[in-house]
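Notebook open, model loaded. I want to look up the core, the charged pairs and the rings, in that order.

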Amino acid sequence: MLQLEEAREAFDTVLRLKPDAYVMHAGVTLFYLNEVHRAAEVFAKCAVLFENRFGCPASEERIWRDACELKLMNSLGSKKLKSKQKDYLPVIPDWGEGGGDGVNVEPLDVAETRSVVRDAMNLFDSSVVNDQPRTILSRAHLKSSAIAKERYDNRMWKMLSWYYLGLHHDAMNEKDQSKICMKNAIRLTKGGLNSGDITQCLPVIHMSRREWYDDEEFEEVAEVVDSGMTIDAMITEGVKKMTVVELKAALKLRGVKSGTKPKAELVELMTQSLLQESGMNMFPGLNEFQ
C-alpha cells in the first residue's frame with residue numbers, strides 16, 4: 001500500500017490495453033500524486049461509463065471530479081482557471097444527458113440514496129458553482145453525520161463523513177480544518193491499510209501524502225446524542241460569513257423579501273430558509289418575516 005507511483009504505472013498499462021476500462025481508483029491515485037488535471041479526466045470518463053452502464057448517478061466519481069476542480073481553482077486562482085475552463089477541465093454531462101460513448105441514458109427517477117454520499121456530492125457541487133447557501137447546508141448535514149452518536153451500524157458512515165469534510169477542506173486549501181477532519185476519520189477506520197477496503201484506506205493515504213503525521217495534540221470532536229439539535233447552529237455559523245449582498249441575492253432566489261433589513265435579520269431569515277430546505281422547519285412562521 002501507499003506505492004502510488006507503482007499503482008499509476010499499473011493503471012496506465014490497463015488503460016493502454018483497454019482505453020474504455022472503468023478505473024476510478026486510477027483517478028484517486030493521480031489526485032494524490034498531484035496530477036489533478038489527469039485525475040479529473042479519469043473521474044469524468046468513469047462517471048459517464050458508470051451511468052451509461054448501470055443507469056444511476058455516479059456519485060463518488062462526481063465528488064472526486066469536483067474535488068479536482070476546487071483543488072485547481074484554489075491552487076491556480078479562480079480567474080486563471082475560469083479563463084480557460086472550457087478547454088481545461090472535462091465536464092460530466094448532467095444526469096440523463098448521456099455522453100462519452102454516445103449512449104444516452106434515459107432520465108430515470110433515480111437518486112442517490114446514501115445520505116452521506118448525497119450530502120458530500122451536494123457539498124462539492126455547490127462549491128464549484130459557488131452556491132454558498134447549499135454549501136452551508138450540505139456541510140452542516142455532513143458534519144451532523146460525522147458527530148452523531150456512534151452505533152454498531154454507522155461507524156463507516158461517520159468515518160466517510162469526516163473524510164469527505166476533510167477532502168473538501170483540502171480542496172479549498174484549508175489545511176488546518178482538513179487535518180482535524182482526517183484525524184477524526186482515521187480514528188474510525190477499521191484496519192487502515194490492512195483492511196482490504198480502499199474506502200478505509202483513504203484517510204491514511206491522505207494523511208501520508210500530505211505528510212500530516214506528527215506529534216500534534218489530537219483534536220477529537222465530541223459526539224452528540226442528537227446531532228439534529230446542533231444543525232441550526234452549524235447553519236447559522238456558515239450564514240454569518242456571507243456578505244449582505246450575498247444574503248440578499250440568496251434570499252431573493254428563495255422568494256424571501258429582504259428589503260433594507262440589517263445583516264442580523266438577514267442572517268436569521270437565511271438560516272430559517274435553509275432549515276426549511278433541510279426538512280427541519282423549526283421556524284414555521286418564516287413567511288411572516290417577508
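**Tyr 163 first.** I started from Tyr 163 and skipped its neighbours within four places in sequence. What is left in contact with Tyr 163 is Tyr 32, Trp 64, Met 182, Ala 185, Leu 202, Pro 203 and His 206. Note to self: this is a predicted model.

**Overall fold.** I checked the secondary structure next. The protein chain has 14 helices and zero strands, so I wrote down no sheet topology at all, going by the DSSP runs. Of its 290 residues, 44% count as buried. I also looked at contact range: among contacts between residues at least 6 apart in sequence, 61% join residues at least 24 apart. The accessible surface comes to about 15200 Å², and carbon and sulfur atoms own 51% of that.

**Core.** Which residues have the most contacts inside the largest nonpolar core? I get Tyr 32, Trp 64, Tyr 163, Tyr 164, Leu 167 and Ile 235, in a core of 68 residues. Helix 9 (residues 155-171) gives the largest share of this core, eight residues. As a reminder, nonpolar side chains tend to be buried together in soluble globular proteins.

**Rings.** I counted eight aromatic pairs. I looked at Tyr 22 and Phe 50 to begin with: their ring centres are 6.3 Å apart and the planes sit at 40 degrees, so I logged the pair as tilted. Tyr 22 is in the loop between helix 1 (4-17) and helix 2 (24-32), while Phe 50 is in helix 3, so this pair ties together parts 28 residues apart in sequence. Buried or exposed? Neither label fits: Tyr 22 is partly exposed at 40% relative accessible area, and Phe 50 is partly exposed at 21%.

Then I went to Tyr 32 and Trp 64. Their ring centres are 6.1 Å apart with planes at 80 degrees, so the pair is edge-to-face. Tyr 32 belongs to helix 2 and Trp 64 to helix 4, so the pair ties together parts 32 residues apart in sequence. Tyr 32 is buried, at 1% relative accessible area, and Trp 64 is buried too, at 2%. Both also turn up in a cluster of linked ring pairs, along with Phe 31, Phe 43, Tyr 163 and Tyr 164.

**Charged pairs.** The count of salt bridges comes to 15. I picked out Arg 62 and Glu 51, whose side chains meet at 2.9 Å, N to O. Arg 62 lies in helix 4 (residues 59-76) and Glu 51 in helix 3 (residues 36-54), so the pair ties together parts eleven residues apart in sequence. Both partners are buried.

Within helix 4, Arg 65 and Glu 69 are four residues apart, about one turn of the helix. Their salt bridge is 2.5 Å, N to O. How accessible are the two? Arg 65 is buried at 6%, and Glu 69 is buried at 2%.

For a contrast in exposure, I pulled up Arg 134 and Asp 131, with closest N and O atoms 3.4 Å apart. Arg 134 is partly exposed at 25%, and Asp 131 is partly exposed at 24%. I also found a network: salt bridges with shared partners join Arg 8, Asp 12, Glu 35 and Arg 38.

**Cysteines.** How many disulfides does the structure hold? I found zero. I looked at Cys 68, which is buried at 0% relative accessible area, and at Cys 181, buried at 6%.

Methods: Residues numbered from 1 in each chain as written. Predicted model: local features only at pLDDT ≥ 70, side-chain atom pairs only at ≥ 80, totals over all residues. Heavy atoms only, no water. Core = buried A, V, L, I, M, F, W, Y, C linked by side-chain atoms within 4.5 Å. Buried < 20%, exposed > 50% of the residue type's maximum accessible area, 1.4 Å probe, protein only. Helix = DSSP H or I, 4+ residues; strand = E, 2+ residues; numbered from the N terminus. Contact = heavy atoms within 4.5 Å. Salt bridge = Lys/Arg side-chain N within 4 Å of Asp/Glu carboxyl O. Disulfide = S-S within 2.5 Å. Areas by Shrake-Rupley, 256 points an atom, 1.4 Å probe, with all protein chains shown as cover. Phe/Tyr/Trp six-rings, centres within 6.5 Å; stacked < 30°, edge-to-face > 60°.
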